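Subject: The structure you asked to look at

Hello,

Here is the structure, handed over for you to open alongside this message. Below it I have set out what turned up, going from the overall fold down to single residues.

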Amino acid sequence: MARCYSDAMPVRQTQIPRLWLISDARNDAVLDRALKRLPRGSGLVFRHYHLPDGERRARFSQLARAARARGLAVFLAGDARQARRWRADGAYGSSQLLAGGPACARLVTVHGLRELARAGRADAVLLSPVFPTRTHPGAPSLGAIRFLLMAQKAGIPVLALGGMTARRAARLPVHGWAAIDGLSP
């Protein structure tokens, strides 16, 4: 996979990992174990919004080393410039956050058709929430049928996010899936 900080062309669709672990304050204590359980070629989306800047950067470096030793891609929640500075493989965020900046692999989270249409320069979208999730308790979810109808309109790889498990992902014929709790031991 072309890294954000290289001069390579943007990531091709076939290079977008099919399985993504998303970091969060809830799973920080088990991330090292979770990374060891991911198959080679998977990815880590590093968010860690709960940490102050210096601690966030240090934790990113630590997890990026562990992930890369296992052959995992590492995307940073932030804009493309920050992902390049931090030597991430790509950037993760909203379509507005990732609209500009240097050539960089981009993952965009979308929650509806309007956001999907604005996904712009994304290499893949995380369509969310497919099912009820602990991240947003009580929030409405798309459900499998609505999710699949929206995914058909994407034109780029779609990753299922929200209440995902391996069993649920196996029933959704899309590029892949991502989880916080569903991949944390």
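Before the fold itself, one term: two strands count as paired here if DSSP finds at least two bridges between them. Please also keep in mind that this is a predicted model.

**The barrel**

With that in hand, 8 strands close into a barrel, in the order β1-β2-β3-β4-β5-β6-β7-β8, and the pairing is parallel. From one strand to the next, the twist averages 25°. As a reminder, strands of a sheet pair through backbone hydrogen bonds, either parallel or antiparallel.

A good place to look at the pairing is β6 (124–127). On one side it has strand β5 (residues 105–110), paired with β6 in the parallel sense over 4 bridges, and here V108 stands opposite V125. β6 is also joined to β7 by 3 bridges, again running parallel, and V125 has V158 as its bridge partner in β7. Going on from there, strand β7 (residues 158–161) pairs with strand β8 (residues 176–179) in the parallel sense over 3 bridges; L159 has G176 as its bridge partner in β8.

Are the faces of β6 covered or open? Both are covered. A124 and L126 lie on one side, V125 and L127 on the other, and all four residues are buried.

**Helices against the strands**

Two helices are worth turning the model for. Helix α2 (residues 53–69) lies across β2 (43–46) and β3 (73–77), and runs at about 160° to β3. Helix α5 (residues 143–151) lies across β6 and β7, running at about 160° to β7.

α2 has 17 residues, and from its first C-alpha to its last it reaches 24 Å, close to the 24 Å expected at 1.5 Å a residue. Which of its residues are buried? They are R56, R59, F60, L63, A64 and A67. These buried residues are on the same side of α2, because they cover an arc of only 135° around the axis. The general background is that an α-helix has 3.6 residues a turn, so residues three or four places apart point the same way. On the other side of α2, G54, R65 and A69 are exposed. The cover over the buried residues of α2 includes α1 (31–37), β2, β3 and α3 (80–85). After α2 comes G71, with a positive phi near 75°.

**The nonpolar cores**

In soluble globular proteins, nonpolar side chains tend to be buried together. In this model the largest nonpolar core has 44 residues, and those with the most contacts inside it are L21, L35, F60, L127, F147, M164 and W177. The largest share of this core, 4 residues, comes from α2. Apart from it lies another core of 16 residues, including F75, A105, L126 and L161.

If you want one residue to click on, try L35. Leaving aside neighbours within four places in sequence, L35 is in contact with L21, L44, L63, A66, A67, R70 and L72.

**Single residues in the loops**

The loop between β2 and α2 holds R47. Is R47 buried or exposed? With a relative accessible area of 12%, R47 falls under the 20% cut-off and is therefore buried. Not counting residues up to four places away in sequence, R47 touches I22, S23, D24, R56, A77, Y92 and I180.

H48 lies in that loop between β2 and α2 too. Phi of H48 is near 50°, a positive value in a residue other than glycine. H48 is buried, with a relative accessible area of 0%.

R87 also has a positive phi, near 65°, in a residue other than glycine. R87 sits in the loop between α3 and β4 (90–93). Unlike H48, which is buried, R87 is partly exposed, with a relative accessible area of 47%.

Last, have a look at the peptide bond from S128 to P129: it is cis, with omega near -15°. P129 is placed in the loop between β6 and α5.

Happy browsing, and do write back with any questions.

Best wishes

Definitions and conventions:
Residues are numbered from 1 along each chain as its sequence is written. This is a predicted model: local features need pLDDT of at least 70, side-chain atom pairs count only at pLDDT 80 or more; totals for chains, interfaces and linings use all residues. Side-chain values use heavy atoms; hydrogens and water are left out. Helices (H or I, at least four residues) and strands (E, at least two) are DSSP runs, numbered from the N terminus. Axes are lines fitted to C-alpha atoms, for helices over the stretch in contact, and angles run from 0 to 180 degrees between N-to-C directions. Contact means heavy atoms within 4.5 Å. A nonpolar core is a set of buried Ala, Val, Leu, Ile, Met, Phe, Trp, Tyr and Cys residues joined through side-chain atoms within 4.5 Å. Buried means under 20% relative accessible area, exposed over 50%, partly exposed in between (1.4 Å probe, protein chains only). The expected span of a helix is 1.5 Å times one less than its number of residues. The arc is that of the directions from the helix axis to the C-beta atoms.
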